[in-house]
Amino acid sequence: MAIRLGDIAPDFSAETTDGPIRFHDWKDGSWAVFFSHPADFTPVCTTELGRTAELQSEFDKRGVKAIAISVDPLESHEKWAGDIGDVGGTDLNFPIIADPDKAVSETYDMIHPGEGDTSTVRSVFIIDPSNKVRLTLTYPKSVGRNFDEILRVIDALQLTDLVPVSTPVDWEPGSRVIVSPMMSTEDAQARFGEVEEVKPYLRWTPQPSA
Ligand code: BEZ
């Protein structure tokens with residue numbers, strides 16, 4: 001069954017390049033980005049995993065752990081790790097799950113038979129500290145993901161969890177946000193100071209600190 005926003009991310013045990021894990025124990029109350037890639041030793045995947053390794057300090061700043069998965073076996077992941085470092089310029093610094101029996105990939109609905117073969121498509125799950133799924137993305141095998149977008153969504157989720165605002169189209173961290181419709185303009189002015197009312201339902205305020 002499809003995993004929907006707000007569902008608890010299913011727990012599982014697996015072998016990874018960092019040793020065996022139980023997912024929820026490994027996550028340990030952090031945010032997580034859990035993403036699948038179709039196969040080891042493939043060009044798009046190599047660039048994506050290299051970029052994730054390069055962004056480790058950005059994930060750390062936000063309290064996010066990254067973890068990847070493919071249906072290839074552990075020995076293959078271990079051999080491929082060197083290439084990821086060579087190509088991306090940063091050694092692999094997060095685990096890759098080996099899923100040769102496809103148990104985890106099937107639980108997370110990462111295998112889409114219409115997409116060519118029995119390997120995983122490019123799925124992304126952003127999971128919060130209470131293990132709730134907060135974002136899902138599915139990309140085809142031929143299109144690499146944008147990891148800056150993944151960081152942007154994490155910034156938006158972390159902001160809107162703490163402050164009664166929403167982020168508008170094409171929002172970037174630091175730019176104006178939308179006051180929650182649940183908040184009166186008077187309360188918004190008291191809390192945020194500057195509030196610009198464009199429509200009764202669309203009120204801007206500079207991005208408050210979380
Ligand atoms: C790649 O990562 O380059 C790739 C993997 C599977 C299908 C197409 C591209």
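Helices here are DSSP runs of H or I with at least four residues, numbered from the N terminus. With that settled, a look at the ligand site comes next; note that the model is a predicted one.

Seven names make up the ring of residues around the ligand: Pro-38, Thr-42, Pro-43, Val-44, Cys-45, Arg-122 and Lys-141. Helix α2, which covers residues 43-54, supplies the largest share of this shell, with three residues. Sorted by class, the shell holds four nonpolar residues, two charged ones and one polar one.

Several of these neighbours have polar atoms facing oxygen atoms of the ligand. Thr-42 does it with its side chain, where a polar atom sits 3.0 Å from a ligand oxygen. Pro-43 and Cys-45 use the backbone instead: a polar backbone atom of Pro-43 is 3.3 Å from an oxygen atom of the ligand, and for a polar backbone atom of Cys-45 the distance to a ligand oxygen is 2.9 Å. As for how much of the ligand gets covered, on its own it would expose 260 Å², and the protein buries 73% of that.

Elsewhere in the chain there is a sheet to look at. Strands in a sheet pair through backbone hydrogen bonds, and they can do so in parallel or antiparallel fashion. This one is an open sheet of four strands, ordered β8-β9-β11-β10, and its pairing is antiparallel. Strands β8 (165-166) and β10 (196-199) are at the edges with a single partner strand each, so each has one side without a neighbour in the sheet. The partner of β8 is β9 (residues 177-179), joined to it by two bridges in an antiparallel arrangement. Within this pair, Val-165 stands opposite Val-179 of β9.

Methods:
Residues are numbered from 1 along each chain as its sequence is written. This is a predicted model: local features need pLDDT of at least 70, side-chain atom pairs count only at pLDDT 80 or more; totals for chains, interfaces and linings use all residues. Side-chain values use heavy atoms; hydrogens and water are left out. A residue is near a molecule or strand if one of its heavy atoms lies within 4 Å of it. A polar contact is a pair of N or O atoms within 3.5 Å; within protein, one must be able to donate a hydrogen and the other to accept it, and residues adjacent in sequence count only if both atoms are side-chain atoms. Accessible areas come from the Shrake-Rupley method with a 1.4 Å probe; for residues, only the protein chains shown count as cover. Ala, Val, Leu, Ile, Met, Phe, Trp, Tyr, Cys and Pro count as nonpolar, Asp, Glu, Lys and Arg as charged, and the others, Gly among them, as polar. Two strands pair if DSSP finds at least two bridges between them.
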